[in-house]
Amino acid sequence: MGPSCLMILADGARAEMFEALLAQGNLPEISEHVVERGSYRRGTSTFTSTTGPAHIPLLTGCFPGTVGVPGYRWFDREAYRGYGPAAPRSLRSYNGPEAAWFDRDMDVAHPTLYELIPDSLGVFGLMTRGLEKERNLYSREKPFIWCHSHWFHDYERADRWASKALVEASAAKSRFRFVAFPGIDWNCHYIGVDCPEAIESYRLLDGAVGAAAAKLRELGTYDETMIAIVSDHGHRQVDTHFDLAVSFGSRHGIKTAYHSWPAFRPSFDAVVCVSGNGMAHVYLRGEDGSWSTRPSRDVIERRHPGLLSSLLTEDAIDILITRGEGEAALVVESERGMADLSEKGPGGEIAYSLREGGDPFGWDGLAERMTSREALECTVETEYPDALVQIAQLFRTRRTGDIVVSASAGFDLRERFEWPEHFSSHGGIIRDHMLVPVASSVPLRDGPVRTADIATTVLDYLGVPVPPGVDGESRLNRERNAALAAGPAMASPTTE
Ligand SMILES: [Zn+2]
C-alpha cells in the first residue's frame with residue numbers, strides 16, 4: 001500500500017538512558033529493526049517540556065507557543081472577565097477532565113497529522129484532533145487503565161495494552177499510526193529516574209517493537225513502514241520541592257490563585273501555573289492594576305519592587321523570562337547575568353545580546369544574530385539545548401505568563417496539593433528535560449533534530465504536503481533513502 005509510518009512515543013524516555021541501553025545491547029529489537037536500518041539521533045524537546053505541550057510538535061510539527069498551548073497549566077487573561085475566580089473559565093489544567101479541552105485549545109490553523117492523514121490510527125494519545133473515534137484504539141478502556149495504574153501503582157499495565165495495540169496498529173490499513181507508551185514517564189515520576197521499573201519499561205517497549213516488526217514482515221509491509229521511536233521530554237531527579245505558588249503568598253505577600261482549591265479564590269493579584277513541575281507561568285496585573293493589560297519586566301519591577309531579584313536568589317529557580325519593551329522583546333535572566341532575546345516572526349532570525357554581567361545560560365561568545373537552525377546547532381551540546389528558539393516560541397501565544405520560571409536541576413516547583421509525590425520532573429529548559437532519543441528506521445540527515453522536525457519528516461516520507469506555518473523541517477536523508485530503495489547492494493552502511 002506504499003509508505004506508512006508507525007510512530008512510537010516512549011513518553012519520558014531519556015536520551016542518555018536510551019543510548020546506554022542500546023550500547024549495552026539491552027534494546028536488541030529496536031537496534032535491529034530501527035537503528036541499524038536507519039538512524040539514531042539525539043533530539044531536543046520543546047519548552048515547556050511536559051506531556052501534553054511536548055506532544056504537540058510530534059503530531060503537528062509546531063511548537064506549543066505556535067498553537068497556543070504553552071503549558072500543562074495556563075491562564076488566559078483575555079478570557080478572564082476581570083473579576084471573580086480565575087477557574088474554571090480562564091484557567092486550564094490538563095490533569096483530569098480538562099484534558100478534554102486540549103484539542104480545542106490548539107489553534108485550528110495548524111492541522112494535526114491525524115487531520116492531514118485521514119486514515120490515521122492512534123493509541124493512548126492525549127491529543128486526538130482529527131482522529132476518528134473508531135480509529136482511536138482502546139480509548140474506552142483508557143480511563144480505566146489509567147485509574148488502575150495510579151491507584152495500584154501498577155505502571156506496567158498501560159504499556160502491556162500499548163504493546164498489544166502496537167501489533168494491531170501494525171496490521172491495520174493506515175498510513176500513520178501513533179502509539180503512546182506512558183510507563184517510562186510514570187515510573188520515573190513516582191519511583192525515580194532510571195529506576196529498575198523504568199528500565200523494565202524500556203525493555204517492554206523493545207519487545208513490543210520486535211512483535212510489531214514480526215507482524216509487518218508477515219504482512220510484507222516491513223520495508224515500506226517507517227518506524228520512529230521518540231520521546232516528548234526527558235527527566236531529572238528531584239531532591240527538593242519548592243512551592244512557588246505558596247511562596248508568592250508567604251514570602252511576597254501576593255494573593256495568588258493556583259491549583260487546586262486556591263484557583264477558586266474570589267480575587268487574586270497573581271496566578272501561578274506549574275507545568276511538568278520543572279517550570280511555571282506567573283501572571284500579574286498590568287500597569288493600571290487591571291487584568292486587561294500585560295506587565296512588562298519594567299512594570300513588574302515598579303509594581304513589585306525586588307520581586308524578580310528575590311526570585312533569582314532562590315536555589316530552586318534557575319532562569320526567569322519576562323517581556324521587554326517593544327514587539328517580541330524578551331528579557332532572560334539568571335544569577336549569571338541578563339540578556340535580550342527576540343525573534344523576527346515565527347521561524348525568523350534570532351537576536352540575542354547580553355545586557356550586563358555574564359551570559360544567563362553561562363554560554364561564551366554566541367553570535368548576536370542566528371537563524372533558527374544555527375541557534376539549535378550552537379546550543380544543543382550545552383546545558384540549555386535549543387533554549388533561545390524554545391523560549392522565543394513560547395511567547396508567541398498570549399497565554400504565556402508574564403514571568404516564566406525554569407527550575408534549577410534537582411528542584412521542582414510544587415509541594416502541596418500533589419499526589420502522588422513526584423521524585424523526578426521535567427518541563428524546564430535544562431538539558432536533562434530537553435534531550436530526547438530519536439530512532440528512525442528511515443535514515444535521517446546528520447545533525448541535531450527537534451521533535452517538531454519528526455512530524456515534518458513523517459509527512460515528507462509519506463509524500464503528504466507539509467502545511468504552511470509549521471516549525472519543523474524534514475530531516476529525511478534523501479540520498480540514503482534512494483540508495484536503500486535501489487537495493488541492499490547500493491546502500492552502504494554508515495557510521496552514524
Ligand atoms: Zn510526557
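**Zinc site, cores and backbone of the predicted model**

Asp-11 is buried, with a relative accessible area of 6%, in a model that is predicted throughout. Asp-11 is also one of the protein donors of the zinc ion, where Asp-11 and Asp-232 each contribute an OD atom, Thr-51 its OG1 and His-233 its NE2, at distances of 1.9 to 2.1 Å from the metal. Because the angles subtended by the four donor atoms around the zinc ion run from 101 to 122 degrees, the arrangement is tetrahedral; for four tetrahedral donors the ideal angle is 109.5 degrees. Along the sequence, the spacing of the donor residues follows the pattern D-x39-T-x180-D-H. Asp-11 belongs to the loop between β1 (4–10) and α1 (15–23), whereas Asp-232 belongs to the loop between β8 (225–230) and β9 (236–237), so this pair ties together parts that are 221 residues apart in sequence. Asp-232, like Asp-11, falls in the buried class, its relative accessible area being 0%.

In soluble globular proteins, nonpolar side chains tend to be buried together. In the present model the largest nonpolar core comprises 99 residues, and Met-7, Ile-30, Phe-75, Phe-176 and Ile-229 are those with the most contacts inside it. Helix α10 (residues 196–219) supplies the largest share of this core, namely 10 residues. When neighbours within four places in sequence are set aside, the contacts of Phe-176 include Cys-5, Met-7, Leu-59, Leu-113 and Tyr-114, and also Ile-117, Leu-121 and Val-458; Asp-119 and Ser-120 are likewise in contact with Phe-176. A second core, separate from this one, has 28 residues, among them Ile-319, Phe-361, Leu-388 and Leu-394.

Helix α10 also packs with helix α9 (residues 183–190), the axes lying 8 Å apart at an angle of about 175 degrees. Since angles over 145 degrees count as roughly antiparallel, α9 is roughly antiparallel to α10. Where the two helices meet, Gly-183, Ile-184, Asn-187 and Cys-188 of α9 face Glu-197, Ala-198, Ser-201 and Tyr-202 of α10 in contact. The loop between α9 and α10 contains Asp-194, whose phi is near 55 degrees, a positive value in a residue other than glycine. Asp-194 counts as partly exposed, because its relative accessibility is 25%.

Further backbone features occur in other loops. Most residues other than glycine have a negative phi, and most peptide bonds are trans. Phe-124, in the loop between β5 (121–123) and β6 (136–137), is not a glycine and yet has a positive phi of about 65 degrees. With a relative accessibility of 4%, Phe-124 counts as buried. The peptide bond joining Phe-47 and Thr-48 is cis, with omega about 15 degrees, and Thr-48 is placed in the loop between β2 (39–44) and α3 (56–60). A cis peptide bond, with omega about 15 degrees, joins His-259 and Ser-260 as well; Ser-260 is found in the loop between β11 (256–257) and β12 (270–275).

Asp-359 is situated in the loop between β17 (350–357) and β18 (369–370) and counts as buried, at 7% relative accessibility. Residues up to four places away in sequence not being counted, Asp-359 touches Arg-336, Gly-337, Tyr-352 and Leu-354. Asp-359 and Pro-53, which are 306 residues apart in sequence, are 28 Å apart in space, C-alpha to C-alpha.

Note on methods: Residues are numbered from 1 along each chain as its sequence is written. This is a predicted model: local features need pLDDT of at least 70, side-chain atom pairs count only at pLDDT 80 or more; totals for chains, interfaces and linings use all residues. Side-chain values use heavy atoms; hydrogens and water are left out. A nonpolar core is a set of buried Ala, Val, Leu, Ile, Met, Phe, Trp, Tyr and Cys residues joined through side-chain atoms within 4.5 Å. Buried means under 20% relative accessible area, exposed over 50%, partly exposed in between (1.4 Å probe, protein chains only). Helices (H or I, at least four residues) and strands (E, at least two) are DSSP runs, numbered from the N terminus. Contact means heavy atoms within 4.5 Å. Donors are N, O and S atoms within 2.8 Å of the metal (3.2 Å for Na, K and Ca); water is not among the atoms, so sites may look incomplete. Four donors count as tetrahedral if all angles lie between 85 and 135 degrees; four count as square planar and six as octahedral if opposite donors are over 155 degrees apart and all others between 65 and 115; anything else is irregular. Axes are lines fitted to C-alpha atoms, for helices over the stretch in contact, and angles run from 0 to 180 degrees between N-to-C directions. Angles under 35 degrees count as roughly parallel, over 145 as roughly antiparallel, 65 to 115 as roughly perpendicular and the rest as oblique.
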